[in-house]
Amino acid sequence: MTIRSRLTIWYGLTFMLLVSVAGFAVWSQVQTSLRASTEEALRVHAADVVDDLRQGGSTIDALDPPLPGIFTVLVDPASAAVDAGRGTPPHLPRLPLGDSTRRLETTGPVYAFHVELLPDGRRLITGSSLAGVDQVAARLSELLIMVGTLCAIGSLIGGWWLAGRALAPIRRLTREADAISPHDLGRRLPTVPQQDEVGRLAATLNRLLARVEDAVSHERLLIAGAAHDLRTPIAALRMRLDGLLRVDAVDGVARSQLEDARQDAIDLGELAAALLGLAEAQAVGLADEIDDYVLPLLVARVEQEVEWVARERDVRIVQTVDEVSVRISAVRFHQALTNLLSNAVRHGPAGGTVELLVRMEPAVPGPGAVVSAEVADQGPGLPASRRDDIFIPFAARREGSTTHGLGLATAAAAVESQGGQIGYRDRAGGGSVFWFRLPIAAHGEAARQVERPLGGRAGPVG
């Protein structure tokens with residue numbers, strides 16, 4: 001159960017308990033007061049009848065009772081009725097002196113009695129049925145139950161509303177926290193004006209986000225710096241190994257060892273380049289700047305970088321690109337598409353075909369448009385066990401792959417930094433299809449703007 005539901009239930013139960021206690025107290029007090037009024041009227045009427053008899057009154061019905069329904073009976077010491085007034089029930093039992101209540105019949109009403117002893121030994125009994133009092137008490141109980149039920153329903157509705165109002169800032173904080181991605185750690189939760197528990201929670205979470213952002217920034221800077229500094233000594237190592245392999249005197253075991261070392265140097269160089277690419281894709285800055293670009297020019301730039309790998313493996317790239325201008329981050333588009341396309345060329349079958357489809361289409365769901373890119377190869381596809389973590393750095397290592405597993409992670413980082421989506425599906429007829437969607441920014445949208453072409457190879461139109 002949610003906190004809102006629990007608060008509503010506790011509030012409703014507490015309110016219903018208080019209403020029940022208050023209702024019972026009102027009902028009990030009203031019933032007690034009505035009975036007390038009846039008993040007081042019996043005592044007053046008995047005193048009036050006694051005074052009238054002392055003054056020579058001839059009948060006990062000579063005086064009107066203060067309340068309707070009061071009857072009077074005069075009995076002798078042997079409990080035989082000497083004179084019975086109007087409305088007296090038959091077969092009255094012997095009653096004690098003072099006030100008392102008695103049910104004369106099993107299913108009949110309850111009667112209230114007042115008995116006084118006269119100087120001549122006779123007893124004067126005044127009585128009245130409490131049926132009217134009980135009816136009033138019954139109607140009051142029904143009214144209190146109805147009012148209590150309405151109050152209970154109102155308390156549940158009010159409790160739900162009040163709990164929602166009280167927890168609304170927490171829901172807003174939750175939505176904002178969920179919207180913060182690893183590529184947007186600079187965002188902060190909205191501040192709460194009230195310095196209550198919610199306000200202190202928001203401030204605490206913002207301080208936590210600041211510490212996380214600082215730690216991640218230092219980690220990324222460390223990876224980028226290490227990758228950048230490794231490229232030069234690795235390149236120098238490859239040059240020396242290439243020079244040694246050109247010497248004819250090196251042969252046999254020594255040549256084999258040098259060739260293995262050269263391959264290790266190549267792997268180190270590729271790893272350093274991949275780490276640097278991942279760090280660049282995760283960094284926030286000029287790479288996120290947005291402007292208008294011709295889509296075929298952006299795709300041509302990507303294809304030029306992958307062309308040498310395609311020629312080496314005799315892979316043919318078949319592209320279909322919409323002739324449109326789009327407003328996106330050219331750097332992020334280039335990072336994502338280059339990694340997906342090179343991944344398809346490297347891991348697809350040699351001599352095969354890679355299909356590239358890039359187009360502009362409406363965003364689903366929601367307004368606006370997106371750049372949709374799909375890269376399809378003719379390889380074996382991905383096993384089901386790898387599909388959940390293919391975009392996580394070094395995830396391929398867990399499956400025993402010899403690749404670093406950074407290309408897809410770099411593509412995912414580039415796409416997600418722009419609020420886009422990336423994914424995988426099986427290709428009809430065999431193979432893999434990697435796709436991504438980059439949102440197209442509208443003119444006038446609040447975004448970082450470039451003032452010059454990026455790199456001079458795929459510049460803005462107009």
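**Salt bridges and exposure, explained**

Reader: Why does F15 count as partly exposed?

Author: This is a predicted model, and in it F15 has a relative accessibility of 30%. Buried means under 20% and exposed means over 50%. With 30%, F15 sits between those two limits, so "partly exposed" is the right label. As for its place, F15 belongs to helix 1.

Reader: What makes up the nonpolar surface patch of about 400 Å²?

Author: Four residues make it: Y11, F15, W161 and L162. Helix 1 (3–54) and helix 2 (131–179) are the elements that give two or more residues to the patch.

Reader: On to the charges. What makes R427 and E355 a salt bridge?

Author: The N to O distance between their side chains is 3.4 Å. The cut-off is within 4 Å, from a side-chain nitrogen of Lys or Arg to a carboxyl oxygen of Asp or Glu. An Arg and a Glu at 3.4 Å pass that test, so we call the pair a salt bridge.

Reader: How do you know that this pair links distant parts of the chain?

Author: Look at the addresses. R427 is in the loop between strand 11 (421–426) and strand 12 (432–439), while E355 is in strand 9 (residues 353–362). That puts them 72 residues apart.

Reader: And E355, is it buried, exposed or partly exposed?

Author: Partly exposed: its relative accessibility is 36%, which falls between the 20% and 50% limits.

Reader: Why are R359 and E361 called a salt bridge?

Author: Their closest N and O atoms are 3.3 Å apart, and the rule asks for within 4 Å, so the pair qualifies. R359 has a relative accessible area of 32% and is therefore partly exposed. E361, at 21%, also counts as partly exposed, because buried would need a value under 20%.

Reader: What does the salt bridge between R425 and E374 tie together?

Author: Parts that are 51 residues apart in sequence, because R425 lies in strand 11 and E374 in strand 10 (residues 369–376). The closest N and O atoms of this pair are 3.1 Å apart, again within 4 Å.

Reader: Why do R425 and E374 get their exposure labels?

Author: R425 has 36% relative accessibility, so it is partly exposed. E374 has 13%, which is under the 20% cut-off, so E374 is buried.

Reader: Which residues are linked in a network of salt bridges?

Author: R359, E361, E374, R425 and R437. Across the whole structure, the search finds 14 salt bridges.

Note on methods. Residues are numbered from 1 along each chain as its sequence is written. This is a predicted model: local features need pLDDT of at least 70, side-chain atom pairs count only at pLDDT 80 or more; totals for chains, interfaces and linings use all residues. Side-chain values use heavy atoms; hydrogens and water are left out. Patches are made of residues with over 30% relative accessible area and no salt bridge: like charges are joined within 9 Å, nonpolar side chains (Val, Leu, Ile, Met, Phe, Trp, Tyr) within 5 Å. Accessible areas come from the Shrake-Rupley method with a 1.4 Å probe; for residues, only the protein chains shown count as cover. Helices (H or I, at least four residues) and strands (E, at least two) are DSSP runs, numbered from the N terminus. Buried means under 20% relative accessible area, exposed over 50%, partly exposed in between (1.4 Å probe, protein chains only).
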